[in-house]
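Visitor: I've got a structure on screen and a few questions about it. Can you walk me through some strands and a pocket?

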Amino acid sequence: MKRYLVAIGILFAISACKDSYEVNTPVFSVSTAQNVYAVGEKIKFNIEGSPDMINFYSGANGNDYTFYNKERIYDMTPSLSFRAAKYSGNNEDCAELYYTTEFNEDYSYNNVKSVNWIKISSRFNIPSIVGTSASFSDGGNSNISDLIEEGKPIYFAWYCKTNAGSERTRFQVMNFNVNGEVLSDSDLSGVLYSQSQLGFKWALNDEAANQVSNVPAITNSLVYWDGIFNNSLGLLKEGYAVSGPVTIPEQINLGLDKPKVIKSIQTENMKEYYYTFDKAGTYEVTFVGYNINFKGKKEAVKTIKLVIE
């Protein structure tokens, strides 16, 4: 009896020493009624078990578990796109688009004017005057790989002016983006430089810079030119909205794919999850379950291959 009591005492001691906060690997499973669904069909994922958290990866671009810790890097072709609006007055050719690889980043008007700018307006659809308020239209998307000179950044400039005898015309540009196009899959294409990142600055002649009002402006989203109400005296107001340096890589890096968190620690036990695919293809859908506390984290990964027709 004495030995029996000692054994029980040892068991109780071992039990008391066990860490009550130990993190266990999640035990759960995910299933669907079938493996083939139609585009737009609502798919029900049945979940058994209850990890503290669940992350969801559909398998689509940007949400694929394959790239949760591996950056998406692809060969790409550089292109330029923008939206523009020209309105009021009669100064149709008030804006032209140029580029150079010879700018020294001195944004003073006289220096900018002396640069060897090359016109590329013909590659795009710069709008005609429409109405009396800004109505933006697509300027197109043009391959600019031929503008690249090894070891030299590219600079873009909008040259704007008021013609002799013209009436006030306004011109605005938005979404001026340098893009990286992945030709094998357009869904992987992305923006290399947004308009706000390009850091346009106006280099204005005195007549433009010293006006009390209607001075050309630049915001994070707009390059804005404002003409003269009645330019009867000839070409008075002109300026260049010049970008910062644009260095174009050979590849585009889209970074890591991000999960969708479908269950947090605060969420009650999750029994089902619904998802709809908007594009046909074969997808490896992944659910990552986590148990977590201040002692650490453990995970379990469950995958289902689905065909979407």
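Visitor: How many residues lie between strand 15 and strand 16 in their hairpin?

Guide: This is a predicted model, where local features need pLDDT of at least 70, side-chain atom pairs count only at pLDDT 80 or more, and totals for chains, interfaces and linings use all residues. Residues are numbered from 1 along each chain as its sequence is written, and side-chain values use heavy atoms, without hydrogens and water. Strands here are DSSP E runs of at least two residues, numbered from the N terminus, and two of them pair if DSSP finds at least two bridges between them. Strands 15 (217-218) and 16 run antiparallel with two bridges, and the hairpin they form has between them four residues.

Visitor: Which residue of strand 16 is the bridge partner of Val173?

Guide: Strand 12 (170-181) runs antiparallel to strand 16, joined by four bridges. In strand 16 (223-226), Val223 and Trp225 point one way, Tyr224 and Asp226 the other, and all are buried (under 20% relative accessible area, 1.4 Å probe, protein chains only). Ile218 has Val223 as its bridge partner, and the partner of Val173 is also Val223.

Visitor: Which strands stand at the edges of the open sheet 2-23-22-4-20?

Guide: Five strands make up this sheet, with mixed pairing. Two of them have a single partner strand each, so one side of each is left without a neighbour in the sheet. Those are strand 2 (36-37) and strand 20 (260-263).

Visitor: In strand 22, what is the bridge partner of Tyr57?

Guide: Strand 4 (53-57) and strand 22 (281-293) run antiparallel, joined by five bridges. Tyr57 has as its partner in strand 22 Thr286.

Conventions. Buried < 20%, exposed > 50% of the residue type's maximum accessible area, 1.4 Å probe, protein only.
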